Structure formats: structure tokens, C-alpha cells
Amino acid sequence: MEMIIEYVNNKKQFLLDEIKKIKEPLKLVIVQINDDPASNAYIRGKLKDLAEIGAIGELLKLDINITMEELKKVIDKLNNDPTVTGFIVQMPLPKQLNEETIKEWINPDKDVDGFNSKSLFKPATPNGIITYLKDNKFDFDGKNALIIGRSNIVGKPMAKLLLNLNMNVTITHSHTTKEDLEFYLKHADLVIVAVGKPYFINKTFQINNNAVIFDVGINRIDGKLVGDCEHDLDVKFLSPVPKGVGLLTRLSLLLNLMEAYKNGI
Ligand code: NAP
């Protein structure tokens, strides 16, 4: 497997070259309705990525007291604005706003985060991992995938996508016993860890040493970023934290934006 950072840089260079050939600018609008420091950091990263590939990134910061009615008007405007290639609503949202309803308001053609149930796009983190695996010629067919964590943004969509690639898929969660988790880890060819607990997967587990592991977790210990996996597990491939799945997730958004542009021509 290629180093993720090199892979992402090559893909960004490819997108930059593609965008140079296009006359109209590609534009992503990021709607932010929070003062969350983690969101600020993610948004800074996304804007930096967009600038690097020659696309326009616009941050639309809204009042955190905005009502559903007012937000609907903003979303409708973005849906109908021909200069907006795609837009995303940054999570988390304030309590008065209903996430599920808002997701369905986004035009599926512009929903580059893949939130809407009819979106043309796959959710960023699962799509980022799968695109990387495909580009690295990973053999999915009939192999065992273990997904640890069942969130709506990672675990569940990941399971569906891997199932569609003919993998045998197991999802574990907080009710899974340690014995069962041990069993699955011994037999997994691909492991996706999205729990949010530092070093949750560590050397006390016996893991298939041919396994390919993606560590989705982002945790902070004394200001340092660490994943859900101990970093020196004896496996075929383990994605690093930082500069691992986070980069693939960000790349996925850029690829979706390019696709939204192509679909709109
Ligand atoms: P989440 O909503 O935080 O939920 C965590 C999941 O882990 C739940 O399904 C939970 O099970 C499960 N879990 C908790 N304890 C467990 C245990 N002992 N054994 C097995 N499963 C257990 O999940 P998320 O939003 O996917 O986030 C997970 C982590 O990934 C976080 O650190 C987040 O910051 C990170 N993340 C990173 C990226 C990226 O781009 N790198 C993207 C998204 C998320 P229950 O359902 O039973 O509670």
C-alpha cells in the first residue's frame, strides 16, 4: 500500500491539472452554524485543500440562533445558485435545528458530503477509504471485513459499501463481547476502527497479521492526536493518525466536488 500522504498529494495534483482545463470556477460553500473549535479546524483544512486544487472555497457562517425556516431559505438559495457547484453543512448543529430534516433539504446533485438519502455521492470517510483501497488494488471479493463502530457517518455506510463490493461484513459495537471481538480480529482481512477511544485496538489482541487496518479514530491525549489503534501493530498495513483517514476523507470531498461539476455540464 502506498503512503496515504503521497497518494493524496498525487490525487490533488491530478485535480489541480483537471481544474486548470475548466473555464468556469468550481465552488464549494461550507455552511457553519457553530463555534466549535474542532469544526473550525476541519473547515480550515477543507478551505486549504480547495485552494490547493484551484477551486473556490466559501465559508458561510450563520447565526447560531437561526431558525429552521431561515435556514431553509439559505439552503434553497444555495440549491438554486448556478455558481455553487456543491455545498456542505458542517456538523454539529445547534439544538433548535433538526439534522435529519436539513440533510433532506440539500439538492442531491450538490450534496458532496453524501448526507441526503438521495445524494449522488457517497459519504466522505467510507468513500475516501474505498477509493484508496481500489486504487491500491485491494482484493475485496469474498474477503472478511470487520467494522468496529456503527455510526451513521462511518460504520453503517461503510458496511453497505463493502457489502456491495462482495465482502463478508461484520459490525461490532459497544455491546460486542471482548471474546467475539477477538474472534473477528483473528479472521479479518480488512478492519475499519471507528470508536473514538485511544488505543482501543492494541497488542493485547491477536490480529490476523495479513490484515489491512484503517484507524478512523481521532482522540487527543495531552494535546497530541492519537487514533483508536496502537501504532505498531503487527499487521500488513495500518493507516497512521494523523495524516491517515483524515486526509482520505478530505480528498473524498474534493473528488465529489469534481464529480458534481462533471454531472452539471
Ligand atoms: P461515534 O458516533 O462517536 O460512535 C462510536 C461508535 O463506537 C459507536 O457505534 C459505539 O457503539 C462504538 N463503540 C463504543 N465503545 C465500543 C466498544 N467498547 N467496542 C466496540 N464499539 C464501541 O462514531 P464516529 O462518528 O464514527 O466516530 C468515531 C471516531 O472516528 C471518533 O474519534 C471521530 O472523531 C472519528 N472520526 C474521524 C473521521 C476522519 O475523517 N478521520 C471522520 C469521522 C469520525 P454503540 O453504537 O453501541 O454506542
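## Overall form

A compact globule of 265 residues would have a radius of gyration near 18 Å, and the chain, at 19 Å, agrees with that expectation. The model described here is a predicted one. Along the principal axes, the C-alpha trace of the chain spans about 55 × 45 × 35 Å. The secondary structure of the chain amounts to eight helices and 10 strands.

## The five-stranded sheet

Five of the strands form an open sheet, whose order is β5-β4-β6-β7-β10 and whose pairing is parallel. Its edges are β5 and β10 (237-238), each of which pairs on one side only. In general, the strands of a sheet pair through backbone hydrogen bonds, in either a parallel or an antiparallel manner.

Within this sheet, strand β4, covering residues 144-148, pairs with strand β5, covering residues 168-172, in the parallel sense and over five bridges. Between these two strands the chain passes through helix α6 (residues 155-164), and the resulting β-α-β crossover is right-handed. Individual positions show how the two strands are set against each other: alanine 145 stands opposite valine 169 in β5, and leucine 146 stands opposite threonine 170 in β5.

## The pairing of β1 and β2

A further parallel pairing joins strand β1 (residues 27-32) to strand β2 (residues 56-61), here over six bridges. The chain crosses from β1 to β2 by way of helix α2 (residues 37-52), and this β-α-β crossover is right-handed. In this pair, leucine 28 stands opposite glycine 57 in β2.

## The ligand and its surroundings

The ligand is surrounded by 21 residues, of which the closest are Arg150, Ser151, Ser174, Ile218 and Thr249. By character, the residues of this shell divide into nine nonpolar, 10 polar and two charged. Helix α8, which comprises residues 245-264, gives the most to the shell, with three residues.

Several pairs of N or O atoms link the protein and the ligand. In the side chain of serine 174, an N or O atom is 2.5 Å from an oxygen atom of the ligand. The side chain of threonine 249 likewise has an N or O atom 3.0 Å from an oxygen atom of the ligand. For histidine 173 it is a backbone N or O atom that is involved, lying 3.4 Å from a nitrogen atom of the ligand. On its own the ligand has 920 Å² of accessible area, and the protein covers 71% of this.

## Backbone features in the loops

Two peptide bonds that lead into proline deserve mention. The bond from methionine 91 to proline 92 is cis, with omega near 0°. Proline 92 is situated in the loop between β3 (86-90) and α4 (99-105). Valine 241 and proline 242 are also joined by a cis peptide bond, for which omega is about 0°. Proline 242 has its place in the loop between β10 and α8. That loop therefore runs from an edge strand of the open sheet to the helix that gives the most residues to the shell around the ligand.

Tyrosine 199 presents another backbone feature: its phi is positive, at about 55°, although this residue is not a glycine. Tyrosine 199 lies in the loop between β6 (190-193) and β7 (212-215), two strands that follow one another in the order of the open sheet.

How values were computed
Residues numbered from 1 in each chain as written. Predicted model: local features only at pLDDT ≥ 70, side-chain atom pairs only at ≥ 80, totals over all residues. Heavy atoms only, no water. Pairing = 2+ DSSP bridges. Helix = DSSP H or I, 4+ residues; strand = E, 2+ residues; numbered from the N terminus. Right-handed = clockwise from strand over helix to strand, strands pointing away. Near = heavy atom within 4 Å. Polar contact = N/O pair within 3.5 Å; in protein donor to acceptor, adjacent residues only side chain to side chain. Areas by Shrake-Rupley, 256 points an atom, 1.4 Å probe, with all protein chains shown as cover. Nonpolar A, V, L, I, M, F, W, Y, C, P; charged D, E, K, R; others polar. Rg over C-alpha atoms; globule rule 2.2 N^0.38 Å.
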